[in-house]
Amino acid sequence: GSGARASSRRWLWLVLAVVVIGVLAWCTVSVMRAARAAETLRSDVQVAAGYARGMQTVQLADTVPAVAASAEEFSGAVSGPLWSVMARLPVVGSTAGSAQELAAASLAMSQAAEELAPALRTMEPDSIRGTDGAINLAALDELAEALVAVQPELREAAGIAKDTMLLGMGNHFELWDKATYDAQEAKAMQGEMPDVFKDFSF
């Protein structure tokens, strides 16, 4: 009687301990996989950001597939039943939930960047200017078509409502919302004349 019940309880505790250890090991492996995926994504985004800062749009377009693959891997690493349970736990829930939100945002942005990649290749001045110095209108048409296809979220983030202006700024192009540009230009015209023009005479 009592010996059999004690032995049964010991087996129950042993099975429970094995299950708990197994779950903890699964959690650890999953978190380590997510951390590696996040680090790869961070590294790829840093490379892309460097190209963006340098206005190296062709190289930036070349990095988009790597960023998209990293974002997809990170999203996969923080999805599934284990992460759904972890997001509801009191201690680690906020961290797991934040990781899932970051993965979803990264995936959405990388998908938008994939749509923009064809336009990025045409945004370098050398790709729009021909060898004779003339503007390649076909390249501008291609750029305009790609920009029209930009997702609404990116247009909203850039403040582009309806009409746009593509401005040549020396070694790069800038895309402006026309109303925003007109308002900024009007404000600049009302201000004082820059010092560089004060000694200018006709």
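In which helix is Ser 30 found? In this predicted model, Ser 30 belongs to helix 1. Because its relative accessibility is 11%, below the 20% limit, Ser 30 counts as buried. Leaving aside residues up to four places away in sequence, Ser 30 touches Ala 77, Leu 82 and Trp 83. Of these partners, Trp 83 is also listed among the residues with the most contacts inside the largest nonpolar core.

The overall organisation of the chain was examined next. Nine helices and two strands were assigned. Read from the N terminus, the elements follow the order α-α-α-α-α-α-α-β-β-α-α. The chain comprises 202 residues, of which 24% are buried. Among contacts with a separation of 6 or more, 53% join residues that lie 24 or more positions apart. The accessible surface of the chain was computed as about 13900 Å², and carbon and sulfur atoms contribute 63% of this area.

In soluble globular proteins, nonpolar side chains tend to be buried together. In the present model, the largest nonpolar core contains 21 residues. Ala 34, Leu 41, Phe 74, Val 78, Trp 83, Met 86 and Leu 120 are the members with the most contacts inside this core. At least two core residues are supplied by each of helix 1 (2-53), helix 2 (57-77), helix 3 (81-86) and helix 4 (93-121). The most is given by helix 2, which provides seven residues. The surroundings of one core member, Leu 120, were resolved further: with residues up to four places away in sequence not counted, Leu 120 touches Thr 57, Val 58, Leu 60, Ala 61 and Val 64.

Nonpolar side chains were also identified at the surface. Trp 11, Leu 14 and Val 18 make a nonpolar surface patch of about 340 Å². Val 18, like Ser 30, is found in helix 1. The two residues fall into opposite accessibility classes: Val 18 counts as exposed because its relative accessibility of 53% is over the 50% limit, whereas Ser 30, at 11%, counts as buried.

Electrostatic pairing between side chains was then considered. The count comes to two salt bridges. One of them is formed by Glu 39 and Arg 42, with the closest N and O atoms 2.6 Å apart. Both residues lie in helix 1, where a spacing of three residues corresponds to about one turn of the helix. Glu 39 has a relative accessible area of 41% and is therefore partly exposed. The value for Arg 42 is 42%, so that Arg 42 is likewise partly exposed.

The other salt bridge joins the side chains of Asp 182 and Lys 178, at an N to O distance of 2.8 Å. Because Asp 182 and Lys 178 are four residues apart in helix 8 (residues 178-190), they are separated by about one helical turn. Asp 182 is partly exposed, with a relative accessible area of 30%. Lys 178 counts as partly exposed as well, at 36% relative accessibility. Both values lie between the 20% and 50% limits, which is why neither Asp 182 nor Lys 178 is classed as buried or exposed.

Technical notes: Residues are numbered from 1 along each chain as its sequence is written. This is a predicted model: local features need pLDDT of at least 70, side-chain atom pairs count only at pLDDT 80 or more; totals for chains, interfaces and linings use all residues. Side-chain values use heavy atoms; hydrogens and water are left out. A nonpolar core is a set of buried Ala, Val, Leu, Ile, Met, Phe, Trp, Tyr and Cys residues joined through side-chain atoms within 4.5 Å. Buried means under 20% relative accessible area, exposed over 50%, partly exposed in between (1.4 Å probe, protein chains only). Contact means heavy atoms within 4.5 Å. Patches are made of residues with over 30% relative accessible area and no salt bridge: like charges are joined within 9 Å, nonpolar side chains (Val, Leu, Ile, Met, Phe, Trp, Tyr) within 5 Å. Accessible areas come from the Shrake-Rupley method with a 1.4 Å probe; for residues, only the protein chains shown count as cover. A salt bridge is a side-chain nitrogen of Lys or Arg within 4 Å of a carboxyl oxygen of Asp or Glu.
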